[in-house]
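Dear colleague,

I am handing over the structure we spoke about, and I would be grateful if you could look through it alongside the notes below.

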Amino acid sequence: MNRPLLMTGLVVLSLGCGSSKSSSGDGGGTGGTTGTGGATGTGGANATGGSSATGGGTGTGGATGTGGVIGTGGARATGGSTGTGGSTGTGGATATGGASGTADQSVLERNKHPSRDGVFLQPTFTKAAVATMAADSGFKATFTGAMWASPLYLQKGPGGKGVFFAVTTGNDVFALDETTGAQVWTHNIGSSPTANGGSPTCGSIHPLGIISTPVINTATTPPTIYVAGAIGTSSIMSHQVHALSTTDGTEVSGWPIDVSNSTSGSIIFDTVHQNQRSALSLVGSTLYVAYGGHIGDCGNYHGWVIGIDTQDPAMRGAWATSGQGEGIWGSAGMASDGNGVFALTGNNTPKLTTHYDSEEAVRITGLGTLGDSYYPTSWHTMDMGDADLGASNPVYVTLPGSTPSKILAVVSKDGHMYLLDATALGGMGGQKVDFMVASGTMAIHTAVAAYTTAKGLYVTFGTDTGAICPGGGSKNIMSVLIAPGSPPKPSVAWCAPLSGKVTGPISTTTDGTNDVIVWYMNNGKLNGVDGDTGAAIYTSSNSCANVEQWTSPIAANGRIIVGGDGNLCSWSLH
């Protein structure tokens with residue numbers, strides 16, 4: 001495997017298009033995007049665009065406490081009322097970030113916590129109460145452009161008021177008032193390419209700008225939102241990472257960072273053929289940005305993890321896969337236990353018989369140092385069938401009483417669930433369980449989440465075909481119960497049938513283990529099901545328009561928020 005290269009000067013990073021092997025992700029997904037982007041000015045190929053404040057005050061917002069989520073990840077960590085939850089802590093599957101309803105409920109990253117568990121503490125969301133859920137008709141959050149990312153939420157934003165953040169393929173960032181949905185400010189990071197991948201037939205998102213979910217840093221004053229996007233006109237000219245003030249959208253000094261043509265050992269970043277669709281991660285003061293390629297597997301792309309020191313962005317490093325292809329696709333991002341990030345890679349595109357870094361789980365620390373790694377014995381069969389390990393995101397969970405107790409849960413595109421020892425991925429030795437959840441090489445492209453009830457730890461995700469469910473099934477939201485043991489013992493708990501375009505699942509709980517409800521979008525409607533049984537609890541009567549399948553809902557302050565092309569939708573108890 002190649003070795004990471006620490007870069008202390010300017011790193012040029014190429015921002016790739018947003019969908020590998022399917023409209024926004026790696027192999028087999030469907031759909032395309034017709035968003036036009038560009039609401040607030042286009043900028044040049046290397047321009048940073050501009051911001052336009054339309055409201056909001058001058059308050060800096062930004063809580064200074066850390067809350068329970070960034071501690072050890074107990075289900076009932078209470079934190080303070082100004083705790084911020086998950087951007088820098090380790091979390092576990094049950095870390096919820098403050099049992100008090102007064103705790104800061106900011107959603108600073110994809111799936112709420114660094115573990116990517118997708119657990120949202122909502123004390124009012126009992127199974128009985130959510131029967132009164134209804135759309136918030138007074139919330140009119142609209143904007144220009146297609147949204148392939150999940151929304152974020154900052155409870156103490158401009159003027160001390162809460163704001164939601166939406167990003168688009170037109171390279172626009174929108175801050176939206178949490179009550180009315182009105183635009184507080186907008187910022188355009190530069191012109192968005194109208195083509196991608198070096199060929200009209202490679203890639204499927206046009207225009208291609210920001211497609212990944214950003215991350216918010218509350219350790220700065222005011223808090224900072226980091227976004228990554230492709231910059232160009234008719235084709236990709238650079239990949240940039242921007243840092244914007246959450247107060248008014250202005251660029252932070254020392255940013256943006258152009259990461260095009262970065263190097264890692266002998267590997268050179270291929271600007272045109274790289275694609276950034278994996279959600280950003282912030283671990284301590286290190287920002288991690290991962291890359292794959294475009295649908296069609298064009299060009300000499302690799303899987304990349306770029307590390308940037310947010311306190312000194314001139315300090316940057318990178319790790320890249322040593323074989324061609326091997327992209328990092330999962331839209332829900334990389335997982336973390338507090339020590340760097342876990343990333344999953346895809347197939348080697350030349351399908352070589354020698355293993356490089358395909359179908360691999362890796363731990364990346366520092367600014368791009370390869371730590372531990374694992375790949376299954378079936379890696380070559382997976383390569384040949386385009387059955388990427390990295391089609392979905394990993395989730396870091398803890399399971400007391402089990403050996404190992406710290407687990408990296410991974411679901412591959414060909415229907416395997418691997419439970420790995422998160423403390424020692426260790427080549428082949430890190431695999432503790434190989435459990436079949438679906439059949440077929442294109443069975444799963446999803447966002448994976450996890451939660452805990454009184455019955456135990458669950459891992460939940462969507463299947464496209466071939467789900468191995470009680471009573472049969474095909475396209476489902478599935479939940480797998482993992483019992484403690486040596487090794488852990490998974491079993492399929494339930495499946496909820498799906499039809500059409502769906503999002504990744506999340507969960508809410510009143511206190512960490514009780515009243516667990518799994519939420520997801522199915523054909524534009526919000527669905528909530530019982531976390532233990534999968535029984536339907538809520539289905540919205542209204543639809544949210546143009547919700548892309550690579551996103552997930554969020555929950556905050558007694559509301560479920562979903563992002564679609566040109567709009568956010570909101571539901572709450574009525």
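The notes that follow go from the whole chain to its strands, then to salt bridges and two single residues.

Please keep in mind throughout that this is a predicted model. The protein has 1 helix and 38 strands, and 65% of its 574 residues count as buried. Among the contacts with a separation of 6 or more, 62% are between residues 24 or more positions apart. The exposed surface comes to about 16,100 Å², of which carbon and sulfur atoms supply 54%.

Two groups of strands are described here. In the one around strand E12 (residues 236-245), 9 of the 10 residues of E12 are buried. Strand E11 (residues 224-232) runs antiparallel to E12 and is joined to it by 9 bridges, the two forming a hairpin with 3 residues between them; within this pairing, Thr-224 has Ser-245 as its bridge partner. E12 also pairs with strand E13 (residues 257-258), again in the antiparallel sense, over 2 bridges, and there Val-241 stands opposite Ile-257.

The other group centres on strand E32 (residues 506-509), from which Ile-506 and Thr-508 point one way while Ser-507 and Thr-509 point the other way, all of them being buried. Such an arrangement is what one expects in general, because side chains in a regular strand alternate between the two faces of the sheet. E32 pairs with E3 in the parallel sense over 3 bridges, and with strand E33 (residues 517-522) in the antiparallel sense, also over 3 bridges. Ser-507 takes part in both pairings, as the bridge partner of Val-119 and as the residue opposite Val-518 in E33.

A search of the whole structure finds 8 salt bridges, including the three that follow. Arg-559 forms one with Asp-136, with the closest N and O atoms 3.7 Å apart; this pair links distant parts of the chain, 423 residues apart, with Arg-559 in strand E37 (residues 559-564) and Asp-136 in the loop between strands E4 and E5. Both Arg-559 and Asp-136 are buried. Arg-363 and Asp-337 meet at 3.0 Å, N to O, and because Arg-363 lies in strand E22 and Asp-337 in strand E20, the pair ties together parts that are 26 residues apart in sequence. Arg-363 and Asp-337 are buried as well. Lys-413 and Asp-386 form a salt bridge at 3.6 Å, N to O, and they sit 27 residues apart, Lys-413 in the loop between strands E25 and E26 and Asp-386 in the loop between helix H1 and strand E24. Lys-413 counts as buried because its relative accessibility is 0%, and Asp-386 counts as buried because its value is 17%, the cut-off being under 20%.

What, by contrast, does Asp-104 lack although it is buried? Asp-104 has no salt bridge, and the nearest side chain of opposite charge, that of Lys-156, is 5.3 Å away, whereas a salt bridge requires the atoms to be within 4 Å. Asp-104 lies in the loop between strands E2 and E3, and its side chain makes a polar contact of 2.5 Å with the side chain of Ser-106.

Finally, Trp-329 is in the loop between strands E19 and E20 and counts as buried because its relative accessible area is 0%. Its side chain makes a polar contact with the side chain of Asp-388 (2.8 Å), and Trp-329 lies 7.4 Å from Gly-346, C-alpha to C-alpha, with 17 residues separating the two positions in sequence.

With best regards

Conventions: Residues are numbered from 1 along each chain as its sequence is written. This is a predicted model: local features need pLDDT of at least 70, side-chain atom pairs count only at pLDDT 80 or more; totals for chains, interfaces and linings use all residues. Side-chain values use heavy atoms; hydrogens and water are left out. Helices (H or I, at least four residues) and strands (E, at least two) are DSSP runs, numbered from the N terminus. Buried means under 20% relative accessible area, exposed over 50%, partly exposed in between (1.4 Å probe, protein chains only). Lys and Arg count as positive and Asp and Glu as negative; His and the chain ends are not counted. A polar contact is a pair of N or O atoms within 3.5 Å; within protein, one must be able to donate a hydrogen and the other to accept it, and residues adjacent in sequence count only if both atoms are side-chain atoms. Two strands pair if DSSP finds at least two bridges between them. Contact means heavy atoms within 4.5 Å. Accessible areas come from the Shrake-Rupley method with a 1.4 Å probe; for residues, only the protein chains shown count as cover.
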